[in-house]
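Student: I am new to this structure and would like a close look at one part of it, starting from a single buried spot and working outwards. Please take it slowly and explain each term as it comes up.

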Amino acid sequence: MSLKALQINGFSASNSPYRKPDEKGLYLEVRPSGAKIWYFKYRLHGVEKRLSLGQWPDVGLKEARALRDKARDLIRDGGDPAVERRKKKIEARLHASNTFRAVAEDFISVRLERSGKAPATITKAHWFLSHLSHTVGHLPIADITPPDLLNVLRKVESEGKRETARRTRAFASRVFRHGAVLGLCKNDPAALLDDALAAPLVKHRAAVLEPRKLGVLLRAIDEFTGTEVVKLAMQILPHVFLRPGELRFGKWDEIDWEGAVWRVPAERTKLRRPHSVPLSRQSLELLRSLHERTGQLPYMFPGQRKFTVPICENAINLAFRRMGFDQDTVTAHGWRATASTLLNESGLWHFDAIERALAHGHSNAVRGTYARGQHWDERVKMAQWWSDYLDGLKLSAA
């Protein structure tokens, strides 16, 4: 006799489980805990099996019968409901590991962290992922469409972050290509969106390009009354053409005092190639002054409160603000533009020598080694000329 919905409430727990049959292999098992579980019993290839269909009352009588009938149809077509269920569970687990977020995290781990990319590069990759995680991060990477991505990127773009939107798209594209290599997706929907985003508004980092104003700035730096390490960082930076991050993470074992060279290791340069900086007399004098203060520490420019880490990323720019120079006038990174502009305007130096001094890219990677390469002799002379030129500007600003 088939069950009635009203009967089920009256089935009470016993010391041992018992079954209440419905029809066509469906029955309700009542357990000592009081739980009531639907099961479908069937035979396949002479073997008796049973399939759990859920717990009452979450699964009602009508739904349990529908699930039983679906299982019976599958058996009639030569399938096995228990096997199909296991397949779906496996697919669900694979589905969870193939999300965009999971593939992106694998990309960051394998292609960036294990490849020795700089911590800043890895941090930035996680930042790009943060723009995508809340919207497409949970989706299977193979199911994401160009419109899915475009909606996310347009939202970033609408906040006035055009460059961030474009770079996030580029990051997503690398993740999709990584997924394709792993066989988790077949195409890169991000590649179709390059022309769909607005071009970024170019904003150059502020730099002092007028010699008279440059002299005034250099004198102001010499008169800075803040932290001595930060002051020396500001004094050294104009002479060496380094990016602020390359400077502040500097370590004393990189300085060749006898050869007058600062050798920056590949992992700290933008192009991941070792870079050597010829040191002028002025640079060496400033570095010796710094060495008297921090020579016993690993970092050349240690933080004020914690000596085991370098000065913070904004230390130099904050010092400029304290001195009264706003961000539209001067930035730490702007010194590279200052050197590039004025060195080129001098007409004294080969363009390639200036580019090599700034550690800009070159098609021949061999020429990017520790720099006893092309234009080295010219760069040594140029470094000394530049330091003498800066001293001259300071004197004329007195």
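Tutor: Two residues are said to be in contact when heavy atoms of theirs lie within 4.5 Å. With that in hand, we can begin at Ala64, which, leaving aside its neighbours within four places in sequence, is in contact with Leu26, Trp38, Leu53 and Val59. What you are looking at is a predicted model, in which local features need pLDDT of at least 70 and side-chain atom pairs count only at pLDDT 80 or more, while totals for chains, interfaces and linings use all residues. Residues are numbered from 1 along each chain as its sequence is written, and side-chain values use heavy atoms, with hydrogens and water left out.

Ala64 has a relative accessible area of 0% and is therefore buried, a word used for values under 20%, whereas exposed means over 50% and partly exposed lies in between (1.4 Å probe, protein chains only). The residue belongs to helix α2; helices (H or I, at least four residues) and strands (E, at least two) are DSSP runs, numbered from the N terminus. Although Ala64 and Leu28 are 36 residues apart along the chain, their C-alpha atoms are separated by 9.6 Å.

Let us now follow the helix that carries this residue. Helix α2 takes in residues 61–76, and its 16 residues, at 1.5 Å a residue, should span 22 Å, which agrees with the 23 Å between its end C-alpha atoms; the expected span is 1.5 Å times one less than the number of residues. Along α2, Ala64 is one of a buried set that also includes Leu61, Arg68, Ala71 and Ile75. These residues sit on the same side of α2, because the arc they cover around the axis is only 85 degrees, the arc being that of the directions from the helix axis to the C-beta atoms. On the face of α2 turned away from this buried side, Lys62, Lys70 and Arg76 are exposed. After α2 comes Gly78, which has a positive phi, near 95 degrees.

Leu26, one of the contacts of Ala64, leads us to a pair of strands. Strand β1 covers residues 18–21 and strand β2 covers residues 26–30, and the pairing between β1 and β2 is antiparallel, made over 4 bridges; strands are taken as paired if DSSP finds at least two bridges between them. Arg19 has Glu29 in β2 as its bridge partner. Between β1 and β2, which form a hairpin, there are 4 residues, and in this turn Lys24 has a positive phi of about 55 degrees.

Two other places in the chain can be read in the manner used for Ala64 and α2. One is helix α6, made of residues 146–158: its 13 residues reach 18 Å from the first C-alpha to the last, close to the 18 Å expected at 1.5 Å a residue. In α6 the buried residues are Leu149, Leu150, Val152, Leu153, Val156 and Glu157, and these lie on the same side of α6, because they cover an arc of only 165 degrees around the axis. On the other side of α6 the exposed residues are Asn151, Lys155 and Ser158. The cover over the buried residues of α6 includes α5 and α7, and just after α6 Gly160 takes a positive phi of about 85 degrees.

The other place is Thr338, found in helix α13, residues 334–346, where a relative accessibility of 2% is why Thr338 counts as buried. Not counting residues up to four places away in sequence, Thr338 touches Ala207, Val208, Leu209, Leu214 and Trp386.

The strands, finally, also have a counterpart further along. An open sheet of 3 strands follows the order β5-β6-β7 with antiparallel pairing, and β5 (255–256) and β7 (275–278) are its edge strands, each pairing on one side only. β5 is joined by 2 bridges to β6, residues 261–264, and the two run antiparallel, with Ile255 having Trp262 in β6 as its bridge partner. Between β5 and β6, which form a hairpin, lie 4 residues, and Ala260 takes a positive phi near 55 degrees there. The antiparallel pairing of β6 with β7 runs over 4 bridges, and there Trp262 stands opposite Val277 in β7.
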